[in-house]
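Me: Could you walk me through this model, one question at a time? I would like the reasoning along with each reply.

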Amino acid sequence: MEKSGKKNQEKKTIPEVTTFPVPFASKKVKENVTFSNKSAKDSQEKIISQAFKFHLQGNFSEAAKFYQNFIKLGFNDPRVFSNYAIILNDIGKKKEAAILLRKAIKLKPDFASAYCNLGTILNDLGKSLEAEMFLGKAIQLEPDCADYHSNFGTILKNIGKLKE
C-alpha cells in the first residue's frame, strides 16, 4: 500500500440505494435446503444454550420447547436427552424419560447421572431389578456420589436385599 503525505480530503458520498419488492412464490417450493456443517453446529449450539438458560432459570416449559426442537432437528447430545428426560419425569412421563436417558447413555457410556436417573425412573416404573443394575453402574462410575448410594439403598430395600 502506498502512503502519501497528503491527507485524503475528498468528500465521502454515500451512494443512493434503491430497493425493490420481491414477491413471494405462490406455490410451494420443493427444493431441499442444505446447511453446511458450520451453520448446523452453530444452530445446535444456539438451541442448547437457550434450553440450558431456561432450564437453569426454572422455566421448564420453555426449556422443554428448545429440547424438543433440538431433538426434532435430528441433533444428538447426551446432555439434552438427560435434561429433557428430567423434565418429562417431573411431569409424569416416565416411560418417555427412560427412553431419552437410554439415548443419553448410548451417546455417552460414562454418563453416571444418566444411569442414576434411569435407575430411579425404572424403580418408579416397578422395574427394580433393572433399576439396581443402572444404579450399580452409576456408583461404579462415580463411587463418591452420596445420592447414587442413597438411591441404590432404596432400590435394594424394595427388592428385599436388606443386607446389602
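**Contacts, core and confidence**

Me: Which residues does E132 touch, not counting residues up to four places away in sequence?
Reply: Happy to start there. Contact means heavy atoms within 4.5 Å. E132 is found in helix α6, and, leaving out residues up to four places away in sequence, its partners are F152, I155, L156, I159 and K161.

Me: Is E132 buried or exposed?
Reply: The terms are set by relative accessible area with a 1.4 Å probe and protein chains only: buried is under 20%, exposed is over 50%, and partly exposed lies in between. E132 has 17% relative accessibility, so this residue counts as buried.

Me: What should I know about the model before going on?
Reply: Good thing to ask. This is a predicted model, in which local features need pLDDT of at least 70 and side-chain atom pairs count only at pLDDT 80 or more, while totals for chains, interfaces and linings use all residues. Residues are numbered from 1 along each chain as its sequence is written, and side-chain values use heavy atoms, with hydrogens and water left out.

Me: Where is confidence lowest and where is it highest among the helices?
Reply: pLDDT is the predictor's confidence in each residue, from 0 to 100. The chain has a mean of 83, with 76% of its residues at 70 or more. Confidence is lowest in helix α1 (residues 37-57), at a mean of 84, and highest in α4, at 97.

Me: Which stretch, with pLDDT below 50, has zero contacts beyond near neighbours in sequence?
Reply: Where pLDDT is low, the predicted coordinates should not be read in detail. Residues 22-31 stay under 50 and have zero contacts beyond four places in sequence. The stretch you ask about, also with pLDDT below 50, is residues 1-10.

Me: How many helices and strands does the chain have?
Reply: Helices (H or I, at least four residues) and strands (E, at least two) are DSSP runs, numbered from the N terminus. From that end the elements run α-α-α-α-α-α-α. The count is seven helices and zero strands.

Me: How far apart are the end C-alpha atoms of α4?
Reply: The expected span of a helix is 1.5 Å times one less than its number of residues. For the 14 residues of α4 (residues 94-107) that gives 20 Å, and the model agrees, with end C-alpha atoms separated by 20 Å.

Me: Why do the buried residues of α4 line one face of the helix?
Reply: The buried residues are A97, A98, L100, L101, A104 and I105. They line one face because, seen down the axis, they fall within an arc of 165° (taken from the directions from the helix axis to the C-beta atoms). These residues pack against α2 (60-72), α3 (78-90), α5 (112-124) and α6 (128-141). The face turned away carries the exposed residues K95 and K106.

Me: Which residues is K94 in contact with, leaving aside its neighbours within four places in sequence?
Reply: K94 has its place in helix α4 and is partly exposed, at 23% relative accessible area. Its C-alpha atom lies 8.2 Å from that of D124, 30 residues apart along the chain. The contacts are N89, I121, D124 and L125.

Me: Which element gives the largest share of the largest nonpolar core?
Reply: A nonpolar core is a set of buried Ala, Val, Leu, Ile, Met, Phe, Trp, Tyr and Cys residues joined through side-chain atoms within 4.5 Å. The largest one has 40 residues, of which Y67, L118 and Y148 touch the most other members. The largest share, seven residues, comes from α5.
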